[in-house]
Amino acid sequence: MSRFVSIEALRLACGALPGPDHAATAAVAVRQATLTKPPGSLGTLETLVGWLAAWQRRPMPQMERVEILVFAGNHGVVAQGVSPYPASVTAQMVANFSAGGAAINQLAAVAGAVLRVVPVSLDRPTDDLSQAPAMDEANFLDAVQVGHASVRPGTDLLCLGEMGIGNTTAAAALAAALQGGDPGDWVGRGTGLDDAGLRHKQAVVAAALQRHRAVLGDPLQVARCLGGRELAALLGAMLAARQLGVPVLLDGYVCTAAVAPLAHLAAGGLSHGWLAHVSAEPGHRRLAAALGLSPLLDLGLRLGEGSGAALAVPLLRAALACHAGMASFADAGVDGPAANGPR
Ligand SMILES: O=C(O)c1ccc[n+]([C@@H]2O[C@H](COP(=O)([O-])O)[C@@H](O)[C@H]2O)c1
Ligand SMILES: Cc1cc2nc[nH]c2cc1C
């Protein structure tokens with residue numbers, strides 16, 4: 001696929017997204033009506049099958065090729081003391097992912113998914129977003145491109161995740177910039193800040209919003225100035241998934257904030273994504289509500305690295321198994337509702 005040569009070229013691509021295959025969803029509904037259950041009784045599981053069909057563009061969706069993409073990046077804003085952990089942990093955790101020792105390795109195995117970790121220039125942290133734009137345009141577009149090129153055609157379901165010490169500060173700044181309100185309300189404890197740390201992080205995010213106030217009306221400039229390389233890559237991957245007909249499970253706060261610009265650039269820009277879970281980071285619930293996303297799971301997770309997205313995969317497998325494997329009323333010899341209803 002061609003490179004994004006400018007922010008304007010990226011903006012054009014974000015504004016020209018293919019829509020869903022409504023006929024595929026309709027075919028799912030027709031089959032569902034024949035299956036041995038009261039109509040609608042599998043609730044969201046039924047909706048999920050229709051959604052998979054719409055974006056895979058086929059009446060009988062598949063989940064053979066499930067991939068988890070975890071993008072990693074480093075953040076200059078860590079110098080402000082916004083995370084309890086040092087920036088070195090980002091690369092160390094990438095090594096841990098490669099060695100199979102992280103939570104996401106175990107969850108990917110449970111989900112029957114292939115895990116791919118994509119470090120995005122870890123040796124070049126972004127600039128401190130409270131002092132300067134996090135990235136210049138070339139670096140931002142490069143990171144978007146990395147994400148865009150990482151999505152493989154033919155993937156049945158893509159789980160997006162990230163790793164980056166300091167990136168809940170970027171997520172909060174992005175969410176505040178895109179959605180408005182008191183910047184402090186978008187800030188949480190991330191990996192575990194204490195009360196004083198939280199107050200300091202709120203001040204850093206408020207300062208960042210103030211510094212970049214001139215670009216707050218432009219979602220892509222917001223992503224460049226207040227985001228990070230792994231967040232830009234997530235945005236690129238979300239765009240590529242839409243273009244390639246790949247449904248997406250979104251992970252936590254960082255993931256959702258990273259792709260939020262797409263919702264601001266195109267109506268229904270995130271409709272090929274389903275929010276896998278709502279994280280314990282309070283801004284996530286707020287952002288999900290603002291974007292009209294309903295999480296499948298609410299488990300108090302605050303890990304990132306795609307963990308919540310991986311956990312939702314078995315739910316989708318269950319939904320498909322019912323859809324593909326259940327007998328119809330006719331085949332099983334089960335009576336439908338009585339013609340006159342109960343007396
Ligand atoms: O996405 C979330 O909801 C989330 C909430 C809390 C922590 N994280 C993860 O923790 C890291 C960022 O935390 P912090 O405190 O360094 O900003 C980063 O690697 C994220 O994957 C992620
Ligand atoms: C140890 C550790 C693991 C992580 N995984 C995702 N973010 C993380 C942050 C830390 C600090």
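# A tour from glutamate 305 to the sheet

Start by selecting glutamate 305, which counts as buried because it has 28 C-beta neighbours inside 10 Å, where 20 or more are enough. The model on screen is a predicted one.

**Stop 1: around glutamate 305**

Show the backbone on both sides of the residue. Glutamate 305 sits in the loop that runs between helix H12 (282-291) and helix H13 (307-325). The unreviewed UniProt entry puts the feature "active site" at Glu305.

Now display the residues that glutamate 305 touches. Leaving out residues up to four places away in sequence, these are Val70, Ala102, Ala103, Ile104, Gly161 and Met163. Keep Val70, Gly161 and Met163 labelled, as they return later in the tour.

**Stop 2: ligand 2**

Select ligand 2 next. Which residues are around ligand 2? They are Tyr85, Val89, Met93, Met163, Thr191, Leu303, Gly304 and Glu305. Sorted by class, this shell around ligand 2 holds 5 nonpolar, 2 polar and 1 charged residues. Met163 is thus on two lists: it is around ligand 2, and it is touched by glutamate 305.

**Stop 3: ligand 1**

Move to ligand 1, which has 21 residues around it. Those that come nearest are Ser83, Gly190, Gly252, Ser279 and Gly304. Two or more residues of the shell are given by each of strand E3 (157-163), helix H7 (167-179) and helix H11 (253-265). Colour H7 separately: with 3 residues, H7 supplies the largest share of the shell around ligand 1. The classes here are 5 nonpolar, 12 polar and 4 charged residues. Gly304 can be kept on display from the previous stop, being listed around ligand 2 and among the residues that come nearest to ligand 1.

**Stop 4: the sheet**

Hide the side chains and show the strands. How many strands form the open sheet, and in what order? There are 5, in the order E2-E1-E3-E4-E5, with parallel pairing. At the edges are strand E2 (114-119) and strand E5 (273-275), each of which pairs on one side only. From one strand to the next the twist averages 25 degrees.

Add helix H5 (residues 103-111), which packs on the sheet and touches E1, E2 and E3. The direction of H5 makes about 165 degrees with that of E1.

**Stop 5: strand E1 and its partners**

Select strand E1 (residues 66-72), which is joined to E2 by 6 bridges, the two running parallel. Three pairs can be picked out in turn:

- Isoleucine 68 is opposite leucine 115 in E2.
- Leucine 69 is opposite arginine 116 in E2.
- Valine 70 has valine 117 in E2 as its bridge partner.

Valine 70 is also one of the residues touched by glutamate 305. E1 is largely enclosed by the rest of the structure, because 6 of its 7 residues are buried.

Turn to the two faces of E2. The covered face consists of Leu115, Val117 and Pro119, and the uncovered face of Val114, Arg116 and Val118.

On the E3 side, E1 and E3 pair over 7 bridges in the parallel sense. Valine 66 has leucine 157 in E3 as its bridge partner, and glutamate 67 has leucine 158.

**Stop 6: strand E3**

Select E3. Is E3 enclosed or open to the outside? It is largely enclosed by the rest of the structure, because 7 of its 7 residues are buried. Both of its faces are covered, with Leu157, Cys159, Gly161 and Met163 on one side and Leu158, Leu160 and Glu162 on the other. Gly161 and Met163, from that first side, are among the residues in touch with glutamate 305.

Next to E3 in the sheet is strand E4 (residues 248-250), joined to E3 by 3 bridges and running parallel. Leucine 160 has leucine 250 in E4 as its bridge partner.

**Stop 7: threonine 155**

Finish at threonine 155, in the loop between helix H6 (137-150) and E3. This residue counts as buried because 22 C-beta neighbours lie inside 10 Å. Apart from neighbours within four places in sequence, threonine 155 is in contact with Arg65, Glu67 and Val246. To see one of these contacts, draw a line from threonine 155 to glutamate 67: their C-alpha atoms are 7.0 Å apart in space, although 88 residues separate the two in sequence.

Definitions and conventions: Residues are numbered from 1 along each chain as its sequence is written. Chains are lettered from A and ligands numbered from 1 in the order in which they are written. This is a predicted model: local features need pLDDT of at least 70, side-chain atom pairs count only at pLDDT 80 or more; totals for chains, interfaces and linings use all residues. UniProt positions are given in the numbering used here, feature names are shortened, and annotations may be inferred rather than shown by experiment. Helices (H or I, at least four residues) and strands (E, at least two) are DSSP runs, numbered from the N terminus. A residue is buried if 20 or more other C-beta atoms lie within 10 Å of its own, exposed if 12 or fewer, and partly exposed in between; C-beta atoms are placed from the backbone. Two residues are in contact if their C-beta atoms, placed from the backbone, lie within 7 Å. A residue is near a molecule or strand if its C-beta atom, placed from the backbone, lies within 6 Å of it. Ala, Val, Leu, Ile, Met, Phe, Trp, Tyr, Cys and Pro count as nonpolar, Asp, Glu, Lys and Arg as charged, and the others, Gly among them, as polar. Two strands pair if DSSP finds at least two bridges between them. Axes are lines fitted to C-alpha atoms, for helices over the stretch in contact, and angles run from 0 to 180 degrees between N-to-C directions.
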